[in-house]
Amino acid sequence: MSTRRTGGSPLPGSRVPPARLPRVHRAWWVAAVSFVALVGAAGFRAAPSVFIDPLHAEFGWSHSTISAAVSVNVLLYGLTSPFSAALMERYGIRRIVSAALLLIAAGSGLTVFMDATWQLVLCWGFLVGLGTGSMALAFAATVSGRWFIARRGLVSGILTAGGAAGQLVFLPLVALLAEGPGWRTASLVVACAALAVVPLVLLVLRDRPEDAGLLPYGAGPDYVTPPPAPPGAARRALRSLRDAARTRVFWLLAGTFAVCGASTNGLVGVHFVPAAHDHGMPVPAAASLLAVIGVFDLVGTVASGWFTDRFDARRLLAVYYALRGLSLLFLPMLFAQSVRPSMLFFIVFYGLDWVATVPPTIALCRRHFGDDGPIVFGWVLASHQVGASVVAYLTGLVRDTFGSYDVAWTASGALCGTAALMALVIRARPTGGEVVNAGAAGGAGAEGETVKGA
């Protein structure tokens, strides 16, 4: 009896016969295009930090008002993620990612017509927030989980670094355009960049390796095609949250990742440039420093993926949060009118740690929640963005109240110390009915998937 459908796709639960493999496994091409798509999505998310001062100058909007629009963006980015992971399972990666890029382009392009704060919230907050959230880090978890058996941690790190690369590519350009032709020109450039990625997504991305007659990279001859996701993507996302919320590890991961978002996207990502400008540093110079953070984040996140394949993810998280908190405590003393060696040291040190937390967090989600790991990670990412959203707004409020950002830097450093302690409390191995998928986490000596206490 045939194990394939008439259209050529394998039946659920069937074994895919090994095809003649190309020199470079298609999984790496899929990862490359996914990386480029994440770069495109990151472009507009990097823009608000250099738009705060131009918008304040043109419209007279306060820092807290502009930060509120950014916080809506950051919040929706997180809340959309778990549903997008489930939608990718149900409707496919290509459709969801293409639609997300179109939303980002629409949101960034429509900003050129705005003249009221509600329009700022609509474009920056809702449209771009929904678009970026639909292809957030859960997208990286989905691609690495479907296309890779070996090197999952490394690929997770590379795809996560796509956001940093987007910041690297766009931020200095956006800052120069905002200072020169104006922030409207910068918005249109980002919109065009997002649109340019759509054809690549449609041409190269496939939902699963079986669609191309391949096994996932690193799969053995006994690999079995997983069954398709059942109908009801939203129900599955909510059910995954309900089941995960019954475990302590979920709340520890959500709490640490909330601190991660607060101390990166919400604080430094949004307010570093205006904070440096407060000390007399030109906006393009400050934006270039933030872009350099992206360079070293690229290195740090890929390295973190490599470490995650080899070391205890809990201890990695504790080290990352402790070092980040230490660097933030010193930051208020480093701002100056020009770029000094001490600031460059902070940029390198902090950049290596920017989102190095993502690969070990993805690994822990897979280890403790099995096949639902990418969706659970989407909910953990939601907590990341809730933390970022709250801190993005509160930091703007701190600036309006105290005239400086010093209190925000110090408070975030203390939060990172707390997150380091929380990471160490996470159980090394799941217990009490939690699903274990150690092999999916990419760890050495994986035991395979088991269910305890079922």
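Modeller: A salt bridge here is a side-chain nitrogen of Lys or Arg within 4 Å of a carboxyl oxygen of Asp or Glu, and the model to which this is applied is a predicted one.

Colleague: How many salt bridges does the structure hold?

Modeller: Side chains of opposite charge can pair when their charged atoms come close. One such pair is Asp312 and Arg315, whose side chains meet at 2.7 Å, N to O. For the structure, the number of salt bridges is seven.

Colleague: Which residue forms a salt bridge with Glu58, and where does that partner lie?

Modeller: Glu58 belongs to helix 2 (residues 48-59), and its partner is 126 residues apart from it, so that the pair links distant parts of the chain. The closest N and O atoms of the two are 2.9 Å apart. The partner is Arg184, in helix 8 (residues 183-204).

Colleague: Is Arg246, which meets Asp243 in a salt bridge, buried or exposed?

Modeller: The side chains of Arg246 and Asp243 meet at 3.9 Å, N to O, and Asp243 is partly exposed, with a relative accessible area of 32%. Exposed means over 50% relative accessible area. Because Arg246 has 64% relative accessibility, this residue counts as exposed.

Colleague: Is Ala275, in helix 11 (residues 268-278), buried or exposed?

Modeller: Not counting residues up to four places away in sequence, Ala275 touches Phe335, Tyr405 and Trp409, and its C-alpha atom is separated by 7.5 Å from that of Ser404, 129 residues apart along the chain. Buried means under 20% relative accessible area. Since the relative accessible area of Ala275 is 2%, this residue is buried.

Conventions
Residues are numbered from 1 along each chain as its sequence is written. This is a predicted model: local features need pLDDT of at least 70, side-chain atom pairs count only at pLDDT 80 or more; totals for chains, interfaces and linings use all residues. Side-chain values use heavy atoms; hydrogens and water are left out. Buried means under 20% relative accessible area, exposed over 50%, partly exposed in between (1.4 Å probe, protein chains only). Contact means heavy atoms within 4.5 Å. Helices (H or I, at least four residues) and strands (E, at least two) are DSSP runs, numbered from the N terminus.
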